[in-house]
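Trainee: I would like to go through this model with you, step by step. Could we look at it together?

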2 protein chains.
Amino acid sequence: MIARYFTDLTGQSGVALGIGDDGALLNVRPGQQLVMASDTLVAGVHFPESATPRQIATRALCVNLSDMAAMGAEPRWFTLALTLPRGTANAEWLAEFSAGLGHIANQYDLALVGGDTTSGPLTLTLTLLGEVPTGKALIRGGANVGDSLFVTGNIGDGAAGLELITYENNTITDSDRLLQRFYSPEPQIQAGLKLRSIASACIDISDGLLADLGHICKASNVSSVIQAEQLPIATDVQQLSPLDALEWALCGGDDYQLCFTVAGDQLPIIEGLIQRGELDARKIGRIEAPTESLNAVAVVDKNNNLLTIEKPGYNHFGQ
Amino acid sequence: MIARYFTDLTGQSGVALGIGDDGALLNVRPGQQLVMASDTLVAGVHFPESATPRQIATRALCVNLSDMAAMGAEPRWFTLALTLPRGTANAEWLAEFSAGLGHIANQYDLALVGGDTTSGPLTLTLTLLGEVPTGKALIRGGANVGDSLFVTGNIGDGAAGLELITYENNTITDSDRLLQRFYSPEPQIQAGLKLRSIASACIDISDGLLADLGHICKASNVSSVIQAEQLPIATDVQQLSPLDALEWALCGGDDYQLCFTVAGDQLPIIEGLIQRGELDARKIGRIEAPTESLNAVAVVDKNNNLLTIEKPGYNHFGQ
């Protein structure tokens, strides 16, 4: 089934032998380290049961590509394990799913090199391989006291999109920007490549800025302060719910933007990239010394008063 | 959860950064190609619902390692996507599962470098990476007319073990050799390494000798003849059911032995390895010119009469 529906996704570079043998044979370029990451998406948990095959394929691949972006890696190859309910495994569904997967794979020059299909509740596991020049990977553990804190793009889009999808009386259409941001989050591959050798630490925002920045703080043994008024929140997100926008930005997840730290000597480089329009990023805070408190991430308003953020539970569709 | 229960499996070689970042960072050795393979196992389909966590972990890893063996690759790293029913995801289950996984991983010097856990019906997807010297991988498409046909070990053990498990009135114990052969098939990694540069084509026997040899024939555009009396069928398999033994050996699957072809000029090398006890393999037939017939694999008795083999349907537990 993989060979039948997905062969046009297998023509990218570095594949000595693709789908159809006991394993794929891949040529890693000299001087590169391999980055490997795996993610599972379950219907009703990571996407609504009502999602189209194209939406599911797009979201699954984008979410997985985001891990490559966060490591500063160039995506290269992937395998797909697809579990399908018997009723769903028809030619139409698979053709639409494959078209969605192919659209994203081609965009990022990523080749499907293997996989497996089984019967059962709709579940996808993707395993991606990327390459990064040896020693240049972006990791979580490199932040230092005094570093500046940045995010790429806008944050809160994913949570606002999720709110639209789960709000029963919504009147959104498929073309709604926020819906697109949920189903087609744009993996920040180009930003990740530019941040190699510049960012001291990096993570992608999948679980929410507070949670993911918390991972950087823990891995780097530091704390951090976010200035709320600096957070890049889109106008339509603000308008959708002025009361919720800040919480969506801080806790919402599903943005798949990068959160990264920059040491003082690299700041002019980042600021240059931003000013020349080569990097869409914004400074939102700073890295400080580790605290005794359980919460390593503080959020302050413009008067430097600590804000209390109520983190909502993770939203599982229909669970 | 992966970090908590599986960290002692992450200490092997070539891992620059293991579990705990957005991806693992791996050092591929110079002069090596990468082999990537992915397999999904579903409870009730690929193993019985009654299987213990240790049995599930062992079988999942051995089945995936067998793909590395079939490519002549040295296993290096893997990711695990584990979907668990809520009731199953307890500390005791995970500890036993992890112990089973660790036992096999350590035996083959394989490092767990990432993964994901989700809630749902018990399903495992493993993605393995191995290394093979550039150009030395064993593939399906290299068989030529006149090559000799071999299998490693015994065949029919897996199907006989499966029969014992699914036969309701069985009196087997956990220590039964055939039960072990089903739950702990021994991936033929060492045989695969020895066959590099010697075998012209190779595949592992997962779906049955006839089906898997058929893949070699299709990929190589040849046909093949198996001499039934040469098939290495174990005594206990013969005794369990003299009537079924041949069918188990030809169609049963789950053996995870290697089926490989050898050109005339390499025959003395293979025969030397076998005679010195360095390779447990047996010649079972030969490769012939492609036929017009749909079935590229013929089975003959010692008088060269064609045997008709009834291929049973694939056995899914409780389906």
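Trainee: In which hand does α2(B) pass α3(B), right-handed or left-handed?

Mentor: This is a predicted model, in which local features need pLDDT of at least 70 and side-chain atom pairs count only at pLDDT 80 or more, whereas totals for chains, interfaces and linings use all residues. Residues are numbered from 1 along each chain as its sequence is written, and chains are lettered from A and ligands numbered from 1 in the order in which they are written. A crossing is called left-handed if the near helix is turned anticlockwise from the far one by less than a right angle, and right-handed if clockwise. By that convention the crossing of α2(B) past α3(B) is right-handed.

Trainee: At what angle do helix α2 (residues 53–70) of chain B and helix α3 (residues 91–107) of chain B pack?

Mentor: Helices (H or I, at least four residues) and strands (E, at least two) are DSSP runs, numbered from the N terminus. Axes are lines fitted to C-alpha atoms, for helices over the stretch in contact, and angles run from 0 to 180 degrees between N-to-C directions. For α2(B) and α3(B) the axes are 7 Å apart, and the packing angle is about 35°.

Trainee: How do the residues of the contact of α2(A) with α3(A) divide by class?

Mentor: Two residues are in contact if their C-beta atoms, placed from the backbone, lie within 7 Å. In chain A the axes of α2(A) and α3(A) come within 7 Å and cross at roughly 35°, and the contact includes A:I56 and A:L61 of α2(A) together with A:W93 and A:F97 of α3(A). With Ala, Val, Leu, Ile, Met, Phe, Trp, Tyr, Cys and Pro counted as nonpolar, Asp, Glu, Lys and Arg as charged, and the others, Gly among them, as polar, the contact divides into eleven nonpolar, two polar and two charged residues.

Trainee: Which element gives the most to the side of domain 1 of chain A that touches domain 2 of chain A?

Mentor: The domain bounds, which come from an automatic or database domain assignment, give domain 1 (2–133) and domain 2 (140–300) in chain A, and the C-alpha centres of these two domains lie 25 Å apart. Across this boundary 17 residues of domain 1 of chain A are in contact with 18 residues of domain 2 of chain A. On the side of domain 1, α2 (53–70) and β4 (74–84) of chain A each supply at least two residues, and the element that gives the most, with eleven residues, is α2(A).

Trainee: On which strands of the six-stranded sheet of chain A does α2(A) pack?

Mentor: Two strands pair if DSSP finds at least two bridges between them, and the sheet in question is an open one of six strands in the order β8-β10-β7-β11-β9-β12 (chain A), with mixed pairing. Its edge strands are β8 and β12 (297–300) of chain A, each pairing on one side only, and neighbouring strands are turned by 25° against each other on average, direction ignored. The direction of α2(A) makes about 170° with that of β8(A), and the strands that α2(A) touches are β8 and β10 of chain A.

Trainee: Which residue is the bridge partner of A:T152 in β11(A)?

Mentor: Strand β7 (residues 148–152) of chain A is joined by four bridges to strand β10 (residues 258–262) of chain A, the two running antiparallel, and in that pairing A:V151 stands opposite A:C259. Five bridges join β7(A) to strand β11 (residues 281–288) of chain A, again in the antiparallel sense. In β11(A), the partner of A:T152 is A:A281.

Trainee: Which element supplies the largest share of the side of chain A that touches chain B?

Mentor: Between the chains, 47 residues of chain A are in contact with 46 residues of chain B, and the side of chain A has 25 nonpolar, 15 polar and seven charged residues. β2(A) and strand β3 (residues 32–42) of chain B pair in the antiparallel sense over three bridges, with A:L26 opposite B:L34. On the side of chain A, the largest share, nine residues, comes from β3(A).

Trainee: What axis relates chain A to chain B?

Mentor: Copies are superposed by least squares on the C-alpha atoms of residues with pLDDT of at least 70 in both. Chain A can be laid on chain B with an RMSD of 0.0 Å by a turn of 180° and a shift of 0.0 Å along the axis, so the relation is that of a two-fold axis.
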